[in-house]
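Student: I have a structure open and would like to go through it. Could we begin with how far to trust it?

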Amino acid sequence: MKPENPNDPILSKLLREWKNESPLPPRFNEQVWHRIALEDSAPAHPLLFVWKWLTQSAMRPSFAAGYATILLCTGLTAGLWQAHESSQRASETLSARYVQMVDPYQMPRH
Amino acid sequence: MKRPWFILVGGLLLALIAYGASYHFASSNSSCCLLSKPMPELAWLQTEFHLSNEEFARIQKLHETYQSGCAERCAKIDAKNAELTKLLAQTNTVSPEIENALQEAAQLRTACQKTMLEHFYAVSQTMPPAQGKRYLAWVTERTLGSEHNSMTHDSPAATHEHHAE
């Protein structure tokens with residue numbers, strides 16, 4: 001939606017002349033203050049709090065750089081570790097298979 | 001509001017790319033790639049004991065020669081074991097026939113292990129001295145070590161059937 005121009009003289013004039021003549025519902029003021037009180041006292045969800053903190057912090061260049069560096073290092077370390085684990089497993093499998101090939105008294109159970 | 005999203009999601013994407021790249025790089029020179037080779041067990045031997053291509057070719061030949069005789073010996077052991085099982089089912093005492101079959105099975109086993117040990121020595125002598133020594137210690141521990149030397153092993157010939165799969 002396109003924002004209205006607050007300096008528009010015609011709009012400003014119309015707004016000054018406008019009067020709301022429809023009656024308010026009963027206990028309108030009380031209900032409004034009650035809802036405001038509820039909103040103020042309701043505890044914010046921790047995830048929402050974290051999300052707000054993240055989105056606000058991400059605007060700071062130092063935070064963005066640190067965040068990217070930490071994730072980059074985490075990704076690199078996880079990839080290397082996973083590759084090492086896979087290699088270790090493959091090595092163990094192949095060594096066992098070699099032994100089975102040369103020793104007729106060892107075979108996998110079916 | 002778009003910039004924080006871009007930074008947060010971009011960071012996660014960066015982590016994923018870093019993970020994939022490092023995994024690919026580290027895997028390309030590891031044992032994982034050996035599984036796709038024609039004889040991955042021998043390829044593993046080459047990697048594990050740092051063998052040159054010439055040494056590896058000689059070991060391949062030794063292995064082929066050994067495997068061709070091994071199937072025949074194992075078939076003999078299987079036949080002897082079957083005979084022994086049949087004799088054991090017929091009686092509840094150690095008859096002279098059972099004693100004889102046990103001796104023959106033991107002789108076959110000894111012959112098979114002797115040939116296996118000769119093969120290990122031949123392979124170890126093909127390797128550089130330090131690696132040959134390491135190979136010999138490793139393979140004898142795995143094959144002739146106490147934990148693999150019981151009387152309850154499965155059919156030796158089935159091993160060769162399994163290898164043919």
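Tutor: Certainly. A term is needed beforehand: pLDDT is the predictor's confidence in each residue, on a scale from 0 to 100. The term matters here, as this is a predicted model.

Student: What is the mean pLDDT of chain B?

Tutor: The mean for chain B is 82, and 85% of its residues reach 70 or more. Among the elements of chain B, helix 5 of chain B has the highest mean pLDDT, 92, and helix 6 of chain B has the lowest, 48.

Student: Over which residues of chain B is the pLDDT below 50?

Tutor: One such stretch is residues 148-156 of chain B, which has 14 contacts in the model beyond near neighbours in sequence. Another is residues 161-165 of chain B, with 3 contacts of that kind. Where pLDDT is low, the predicted coordinates should not be read in detail.

Student: And what does the model score for ipTM and pTM?

Tutor: The ipTM is 0.75 and the pTM is 0.64.

Student: Let us turn to the fold. How many helices and strands are there in chain B?

Tutor: Chain B has 6 helices and 0 strands. Along the sequence, the pattern reads α-α-α-α-α-α.

Student: How much of chain B is buried?

Tutor: Of the 165 residues in chain B, 21% are buried.

Student: What about contacts between residues far apart in sequence?

Tutor: Taking the contacts in chain B with a separation of 6 or more, 55% are between residues 24 or more positions apart.

Student: Now the other chain. How many residues of chain B are in contact with chain A?

Tutor: There are 41 residues of chain B in contact with 37 residues of chain A. On the chain B side, the elements that give two or more residues are helix 1 (2-27), helix 2 (40-48), helix 3 (53-90), helix 4 (96-126), helix 5 (129-143) and helix 6 (156-164) of chain B.

Student: Which helix gives the most?

Tutor: Helix 1 of chain B does, with 17 residues. By class, the side of chain B that touches chain A has 24 nonpolar, 13 polar and 4 charged residues.

Student: How does helix 1 of chain B lie against helix 4 of chain A?

Tutor: Two packed helices are described by the angle between their axes and the distance between the axes. The axes of helix 4 (residues 61-102) of chain A and helix 1 of chain B cross at roughly 30° and come within 7 Å. That makes these two helices roughly parallel. Their crossing is right-handed, and the residues of this contact divide into 19 nonpolar, 11 polar and no charged.

Student: And at what angle do helix 4 of chain A and helix 2 of chain B pack?

Tutor: The angle is about 115°, and the axes are 8 Å apart. The two helices are therefore roughly perpendicular to each other. Helix 4 of chain A passes helix 2 of chain B in a left-handed crossing.

Student: Which residues meet there?

Tutor: From helix 4 of chain A come A:S91, A:L94, A:S95, A:R97, A:Y98 and A:M101; they meet B:P40, B:E41, B:W44 and B:L45 in helix 2 of chain B. This contact divides into 6 nonpolar, 2 polar and 2 charged residues.

Student: One last residue, B:G69. Is B:G69 buried or exposed?

Tutor: B:G69, found in helix 3 of chain B, is exposed, because 12 other C-beta atoms lie within 10 Å, and a residue with 12 or fewer counts as exposed. The C-alpha atoms of B:G69 and B:T115 are separated by 9.3 Å, though the two residues are 46 residues apart along the chain.

Note on methods. Residues numbered from 1 in each chain as written. Chains lettered and ligands numbered in written order. Predicted model: local features only at pLDDT ≥ 70, side-chain atom pairs only at ≥ 80, totals over all residues. Contact = placed C-beta atoms within 7 Å. Helix = DSSP H or I, 4+ residues; strand = E, 2+ residues; numbered from the N terminus. Nonpolar A, V, L, I, M, F, W, Y, C, P; charged D, E, K, R; others polar. Axes fitted to C-alpha atoms, helices over the stretch in contact; angles between N-to-C directions. Parallel < 35°, antiparallel > 145°, perpendicular 65-115°, else oblique. Left-handed = near helix turned anticlockwise from the far one by under 90°. Buried ≥ 20, exposed ≤ 12 C-beta atoms within 10 Å, placed from the backbone.
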